[in-house]
Amino acid sequence: MTDRVYPSAKPNPHPPPPAANGAAAAGGPPSFPATKAQMYGATRPAYRPQPLSKQRRRRSRRGCCCACCLWLMLVIVALILLAAIAGGVFYVLYRPQRPTFSVSSLRLSTLNLTSNHLNSRIDLSVTARNPNRKLVFLYDPITIAASSSGIDIGDGSFPAFTHDTKNTTILKTALTSSSQSLDSSTASDLKKKTTIPLEIDLETKAGVKIGSLKTKKIGIQVSCTGINVAVPKSKGKPSAADSPDASCKVKIRIKIWKWTV
């Protein structure tokens with residue numbers, strides 16, 4: 001009969017070195033250094049969802065802004081349509097037309113050059129016509145300036161007047177220029193001329209009267225070109241009156257804040 005050998009219960013005098021971590025001690029796979037993604041995930045703060053009340057407030061604000069913009073656009077479109085309809089009705093009822101101006105008579109009675117100083121006088125007649133049947137024009141005083149190649153020949157004015165419907169009004173005035181200094185070359189050229197071209201500019205403000213309703217006055221500019229006038233042959237004898245019947249262009253000037261259109 002053979003003897004059985006039993007293991008000794010005494011502890012091992014040379015135990016193995018302890019494991020680096022709990023996984024190695026438990027017999028798991030060896031550990032490695034943490035990657036950059038793991039390190040970033042460890043330092044990144046945890047996401048905390050916002051309360052539902054804040055999200056709902058933001059959504060409600062966005063909805064209110066969109067609704068306000070939509071209503072504002074609708075109001076603007078409605079105002080534009082109403083203005084277009086009102087303008088169409090006004091045009092059909094009144095058929096508005098611009099007033100017309102023309103130079104009916106002009107005479108250069110004085111043109112003296114003494115020591116390069118200009119003294120001149122122009123007798124001017126302007127015909128104004130109102131072709132409208134239901135619109136009356138209300139004019140402020142009208143300023144007039146006559147020039148030739150940039151040289152001021154004379155200045156004057158017409159008084160304020162009311163231009164009735166289907167009416168033709170003749171306005172008369174004298175344009176004068178005294179002691180205007182000119183350079184020697186300009187004065188020499190002007191002395192040699194027997195006729196000089198003239199440009200006449202009128203500027204005023206006018207409003208419209210429809211029954212008892214009066215509109216706000218707006219700026220009007222009238223420009224008359226293509227006029228030639230004879231120079232007086234002697235100091236005491238004025239040139240003959242000329243009737244050029246030159247038509248003039250009428251421009252409406254509307255001031256919007258700081259700009260004039």
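Analyst: Two strands count as paired if DSSP finds at least two bridges between them. Keep that rule in mind. This model is predicted.

User: How do you know that β10 and β11 pair?

Analyst: Count the bridges. There are 6 of them joining β10 to β11. The rule asks for at least two, so the strands pair. They run antiparallel. One point to look at is Val222, which stands opposite Val250 in β11.

User: What makes β8 and β10 a pair?

Analyst: The same test applies. β8 and β10 share 11 bridges, in the antiparallel sense. At least two are needed, so this is a pair. For an example, take Lys205: its bridge partner in β10 is Gly219.

User: Why is the link of Cys224 and Cys248 called a disulfide?

Analyst: A disulfide is a covalent bond between the sulfur atoms of two cysteines. The cut-off here is 2.5 Å between the sulfurs. In Cys224 and Cys248 they lie 1.9 Å apart. That is within 2.5 Å, so the pair is a disulfide. By this rule the count comes to 1 disulfide.

User: What makes this a link between distant parts of the chain?

Analyst: The two cysteines are 24 residues apart. Cys224 is in strand β10 (residues 218-230), and Cys248 is in strand β11 (residues 246-253). The link is right-handed, with 105° about the S-S bond.

User: Are Cys224 and Cys248 buried or exposed?

Analyst: Cys224 is buried, and Cys248 is buried as well. That word means a relative accessible area under 20%.

User: How do you know that Cys65 is in no disulfide?

Analyst: Look for its nearest cysteine sulfur. That of Cys68 is 6.5 Å away. A disulfide needs sulfurs within 2.5 Å, so Cys65 is in none.

User: Why is the sulfur of Cys69 too far from the closest cysteine sulfur for a bond?

Analyst: Its closest cysteine sulfur, in Cys66, is 6.7 Å away. The limit is 2.5 Å, so there is no bond.

User: Why does Val75 count as partly exposed?

Analyst: Its relative accessibility is 43%. Partly exposed is the class between 20% and 50%, so Val75 belongs there. Val75 is found in helix α3 (residues 52-94).

User: What makes Val75 part of a nonpolar patch?

Analyst: A patch residue needs over 30% relative accessible area, and Val75 has 43%, so it passes that step. Val is also on the nonpolar list. Its partners in the surface patch are Val77, Leu79, Leu81, Leu82, Ile85, Val89 and Leu93. Together the patch has about 760 Å² of accessible area.

User: Why is Thr194 called exposed?

Analyst: Its relative accessible area is 59%. Exposed means over 50%, so the name fits Thr194. Thr194 is found in the loop between α4 (184-192) and β8 (195-210).

User: Which residues does Thr194 touch?

Analyst: Leaving out residues up to four places away in sequence, Thr194 touches Val229, Ala230 and Val231. Thr194 and Ala230 are 36 residues apart along the chain, with their C-alpha atoms separated by 5.9 Å.

User: Why is Ser149 exposed, and where does Ser149 lie?

Analyst: Ser149 has a relative accessible area of 63%. The cut-off is over 50%, so Ser149 is exposed. Ser149 lies in the loop between β4 (142-148) and β5 (151-158). Its phi is near 55°, a positive value in a residue other than glycine.

User: Why does Arg95 count as partly exposed?

Analyst: Its relative accessibility is 48%. Exposed would need over 50%, and buried under 20%, so Arg95 is partly exposed. Arg95 is found in the loop between α3 and β1 (100-114). Phi of Arg95 is positive too, near 50°.

Methods. Residues numbered from 1 in each chain as written. Predicted model: local features only at pLDDT ≥ 70, side-chain atom pairs only at ≥ 80, totals over all residues. Heavy atoms only, no water. Helix = DSSP H or I, 4+ residues; strand = E, 2+ residues; numbered from the N terminus. Buried < 20%, exposed > 50% of the residue type's maximum accessible area, 1.4 Å probe, protein only. Patch = residues over 30% accessible without salt bridge, like charges linked within 9 Å, V, L, I, M, F, W, Y side chains within 5 Å. Areas by Shrake-Rupley, 256 points an atom, 1.4 Å probe, with all protein chains shown as cover. Salt bridge = Lys/Arg side-chain N within 4 Å of Asp/Glu carboxyl O. Contact = heavy atoms within 4.5 Å.
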